[in-house]
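Q: I'm new to this structure and would like to get my bearings. Please take a close look at one part of it for me, starting with the charged side chains, and then carry on from there.

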Amino acid sequence: MITAIIFIIVLSVIVFVHELGHFVMAKRAGMKVEEFGFGFPPRLWGYKPKNSETTYTINAIPFGGFVKIQGEDGDDRVDQKSFSTKSFWRRASVILAGVVMNVILAAVLLAIVNMRGADSKIVIREIAPKSPASEAGMKKYDELLGFENINVAQKFIADHKGQSISISVRRTKFFIKKEVLTLTMTPRTNPPPGEGAVGISFAELEKIQKYPWHQALWRGAVDAVKGTWAMAAGFAGLLKHLFTTGKAGVEIAGPVGIAIFAGEAARLGLVYLIQFMAIISLNLAVINVVPFPALDGGRFLFLIIEKIKGSPLPRRVENGFNAVGFVLLLLLMFFITAKDVLKFL
């Protein structure tokens, strides 16, 4: 339940900030924003301030938000406040504002990570069922205390096979509550293949350097730019591998996978959850700028074609491409979600 709540909050913030970018730039460009909604319909509550053109709404499905701009579908080319009547550059700024806002959000989040920092630590990555560690009550993502590194922990366990040992762990419950436990277990002299003496595998999280706020802000911006470039390169490599081999070559996670990873990040600590949010925000920015129908990149591509052609594409053609793109994205999301369910659940 808590994992689902964290996932909803993470995704809502990231998508909401994306839509906020569209909203702010549309207002600055002199466009009429008919509705700015938090979440997706059905509507739960709406408010239209006096002398305002915009209705602000809260909707039932809490995944981000949306902006409804007059003429954004090309159906109003007369009203001067319509999206369709504005210049190429103003429309482009509105279309790409969401992507820019996601990069800015990531920079802010990474700046917070750099301001807070985090010590290096050893955490439990996997626990074998019915193993000594499992029977002692050890859980995934418990932090081992008292060991300098993984090698020291492994040597300690190996040197005490057949003997009762005590291991202290710090358990974080969704970055809010922490407790230190001392667990007693006996390492096996002849463990099953691949399980180890106590039945656990480790992961070592590197130290995150803590910086003064002014340095952290700069490093957050630099990290966001580097992260965007790395994700763009990775996405390009994924597409290349997909077209040349017919396979993605890497694991792709959908909503279910993201929810599980968000929960895991929260168990590691607040810094890691914030860092995870930054990664997802950059990922959304990179995906959205891809020139594919129904995405911001696709809308920008149509805008460029209009600029080169000297006139907009027929509305039915653009709407047709967007409809096909939307259906393909839904099918892809369904396929990835199904894989996530089979893999994680």
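A: Let's start with R188, which counts as buried because its relative accessibility is 19%, and the cut-off for buried is under 20%. Keep in mind that this is a predicted model. R188 forms a salt bridge with E195, and the closest N and O atoms of the two are 3.1 Å apart. E195 has a relative accessibility of 23%, so E195 counts as partly exposed. Elsewhere, E126, K140 and E264 are joined into one network by salt bridges that share partners. If you're wondering why such side chains can get together at all, the general idea is simple: side chains of opposite charge can pair when their charged atoms come close. In this model the count comes to 10 salt bridges.

Another of these pairs is R170 with E143, where the closest N and O atoms are again listed at 3.1 Å apart. This pair links distant parts of the chain: R170 sits in strand β5 (residues 165-173), E143 sits in strand β4 (residues 143-144), and the two are 27 residues apart. R170 counts as partly exposed because its relative accessibility is 27%. E143, on the other hand, has a relative accessible area of 13%, so E143 is buried.

Now look at E35 and R43, whose side chains meet in a salt bridge with an N to O distance of 3.4 Å. E35 is buried, because its relative accessible area is just 11%. R43 comes out at 47% relative accessibility, so R43 counts as partly exposed; the cut-off for exposed is over 50%.

From here, let's stay with strand β1. Strand β1 runs over residues 33-47, and four residues of a nonpolar surface patch come from this strand, the largest share of the patch. The patch is made by F38, L44, W45, Y47 and I58, and covers about 530 Å². L44 has its place in strand β1. Is L44 buried or exposed? L44 is exposed, because its relative accessible area is 61%, and anything over 50% gets that label.

Strand β1 has a backbone quirk as well. P42 is found in this strand, and a cis peptide bond joins P41 and P42, with omega at about 15°. Follow the chain into the loop between β1 and β2 (55-69), and you'll find N51 there. N51 is not a glycine, yet its phi is positive, at about 65°. N51 counts as exposed because its relative accessibility is 78%.

A294 also has a positive phi, near 85°, in a residue other than glycine. A294 is found in the loop between α7 and α8. A294 has a relative accessibility of 35%, so A294 counts as partly exposed.

That brings us to the helices. Two packed helices are described by the angle between their axes and the distance between the axes. Helix α7 (residues 270-288) pairs up with α1: their axes come within 10 Å and cross at roughly 45°. That angle is why α1 counts as oblique to α7. The crossing of α1 and α7 is right-handed.

Helix α1 (residues 2-28) also meets helix α2 (residues 88-116), with axes that come within 7 Å and cross at roughly 140°. So α1 is oblique to α2 as well, since the roughly antiparallel label needs an angle over 145 degrees. The crossing in which α1 passes α2 is right-handed.

Helix α2 packs with helix α8 (residues 296-309) too, at an angle of about 165° and with their axes 9 Å apart. Therefore α2 is roughly antiparallel to α8. The crossing of α2 and α8 is left-handed.

After α2, A118 lies in the loop between α2 and β3 (121-127). A118 counts as buried because its relative accessibility is 14%. A118 and M333 are 215 residues apart along the chain, and their C-alpha atoms are separated by 34 Å.

Finally, step back and take in the whole chain. Its secondary structure comes to nine helices and seven strands. The C-alpha trace spans about 85 × 50 × 40 Å along its principal axes. Of the 345 residues in the chain, 39% are buried, R188 being one of the buried ones.

Notes:
Residues numbered from 1 in each chain as written. Predicted model: local features only at pLDDT ≥ 70, side-chain atom pairs only at ≥ 80, totals over all residues. Heavy atoms only, no water. Patch = residues over 30% accessible without salt bridge, like charges linked within 9 Å, V, L, I, M, F, W, Y side chains within 5 Å. Areas by Shrake-Rupley, 256 points an atom, 1.4 Å probe, with all protein chains shown as cover. Salt bridge = Lys/Arg side-chain N within 4 Å of Asp/Glu carboxyl O. Buried < 20%, exposed > 50% of the residue type's maximum accessible area, 1.4 Å probe, protein only. Axes fitted to C-alpha atoms, helices over the stretch in contact; angles between N-to-C directions. Parallel < 35°, antiparallel > 145°, perpendicular 65-115°, else oblique. Left-handed = near helix turned anticlockwise from the far one by under 90°.
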